[in-house]
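Visitor: Could you pick one part of this fold and take me through it closely, then work outwards from there? I'm happy with numbers, as long as you tell me which cut-offs sit behind them.

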Amino acid sequence: MNDLGQDLELRLVRYFTVVAAHQHFGRAAADLHVAQPALSRQIQRLEKYLGTRLLDRVPQGTRLTPAGRRFLPRAQALLQAARQAEMAVREQAELERITIGYVEDLVITAAVRELRRRYPDAEITTRYLSCRDVGALSDKRVDALIARAPLPLAAGDVVTTPLYEEPRMLVVPRGHPLADRPSVTSEELADEEAAPCSFETADWTSYRILGADVPPIESYEDKLELVASGRAIAVLPVGDRRSSLRPDLVTVPIEGAPSSQVVLVSRKGDPNPMIRNLRLVAKAVLTAPAA
């Protein structure tokens, strides 16, 4: 008679199949890394649950009883079904996981919030990237990247989805000759030397150095300090609000400058379905900030 209120334990079923395979308690115990007396007690628990003997002890070891022979293929099928169920859940968990990279001045909160609302069981994380982290997509630190085009990535290796475009603005220190202008033209800025950041566009880099004796600068804050000191001017997308945090800087609209394009990029051939889900959400909710 079985234990009322108790479910059949898969661990006991597995122990039984191992003993049946070895036809010997000692060898089965060694295979399972348990003590032989403990294994014997667990088999007795299983037999008590089922209400019948499954194994008989013989001089050579053990042999299956008629009930044991009938139970064995069903026990093996039960364990296989449990393994398949576990694998299916683990695979689904892998499919519902994504790390989204984004760069410095971009705000992707709306897309992440909507993605989490639509897929509440998915594991969705974000990773802030600087302009020096361009390899984060190719080395799989992130599954998708939201950044400004063009990116120094081989076109044949990635899938690029345009999201929105922004006009550009000039950033200069207060007191600069262009600071009080209602706008400037791209022609007025065309002759300056450039010091690009990896995530900036090839045709219109964000920082234009005014002096030849300025050392290479990587951090955004140091670049703004360079602008504020009068040694550089900055050409930025209007959605980049970071310069507005400094009262010593002024922004001026630029006429005739190519727009800055924000894109979503993923690895070509990546089977992760959350990338497609992100693409649909990002296209729906991410728009250019109001000027």
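Guide: Let's start at glycine 51, which comes just after H3 and takes a positive phi of about 75°. The helix and strand labels here are DSSP runs numbered from the N terminus (H or I over at least four residues for helices, E over at least two for strands). Bear in mind that this is a predicted model, so local features need pLDDT of at least 70 and side-chain atom pairs count only at pLDDT 80 or more, while totals for chains, interfaces and linings use all residues. As for bookkeeping, residues are numbered from 1 along each chain as its sequence is written, and side-chain values use heavy atoms, with hydrogens and water left out.

Now the helix itself. H3 has 15 residues, which at 1.5 Å a residue should span 21 Å, and its end C-alpha atoms are indeed 21 Å apart. That expected span is 1.5 Å times one less than the number of residues. The buried residues of H3 are Leu39, Ser40, Gln42, Ile43, Leu46, Glu47 and Tyr49. Buried here means under 20% relative accessible area, exposed means over 50%, and partly exposed is what lies in between (1.4 Å probe, protein chains only). When you look at the spacing in that list, recall that an α-helix has 3.6 residues a turn, so residues three or four places apart point the same way.

On the other side of the helix comes another backbone detail. Histidine 33 sits in the loop between helix H2 (25-32) and helix H3 (36-50), and its phi is near 60°, a positive value in a residue that isn't glycine. For context, most residues other than glycine have a negative phi. Histidine 33 counts as exposed because its relative accessible area is 73%. Lysine 140 also has a positive phi, near 70°, and isn't a glycine either. You'll find lysine 140 in the loop between strand S4 (123-129) and strand S5 (144-148), and at a relative accessible area of 60% it is exposed.

Back to H3 for its charges. Arginine 45 makes a salt bridge with glutamate 9, with the closest N and O atoms 2.5 Å apart. The two partners are 36 residues apart, glutamate 9 in the segment before helix H1 (10-22) and arginine 45 in helix H3, so you get a link between distant parts of the chain. The cut-off for a salt bridge is a side-chain nitrogen of Lys or Arg within 4 Å of a carboxyl oxygen of Asp or Glu. Glutamate 9 is partly exposed, since its relative accessible area is 25%, and arginine 45 is partly exposed at 35%.

The structure holds 12 salt bridges. One of them pairs arginine 53 with aspartate 56, the closest N and O atoms being 3.4 Å apart. Both ends are partly exposed: arginine 53 has 47% relative accessibility and aspartate 56 has 26%. Another salt bridge joins aspartate 143 to arginine 267, again with 3.4 Å between the closest N and O atoms. Aspartate 143 is in the loop between S4 and S5 and arginine 267 is in strand S13 (residues 260-267), so this pair ties together parts 124 residues apart in sequence. Here the partners are buried, aspartate 143 at 16% and arginine 267 at 14%. Salt bridges with shared partners also join Glu9, Arg11 and Arg45 into one network, which brings us back to H3.

Finally, the rings. There are 2 aromatic pairs, where rings of Phe, Tyr and Trp (its six-membered ring) pair if their centres lie within 6.5 Å, with planes under 30 degrees apart called stacked, over 60 edge-to-face and the rest tilted. Phenylalanine 16 and phenylalanine 71 have ring centres 5.3 Å apart and planes at 45°, so that pair is tilted. They sit 55 residues apart, phenylalanine 16 in helix H1 and phenylalanine 71 in helix H4 (residues 66-95), and both are buried. Tyrosine 102 and tyrosine 128 have centres 6.0 Å apart and planes at 70°, so they are edge-to-face. Tyrosine 102 belongs to strand S3 (residues 97-103) and tyrosine 128 to strand S4, so this pair ties together parts 26 residues apart in sequence.
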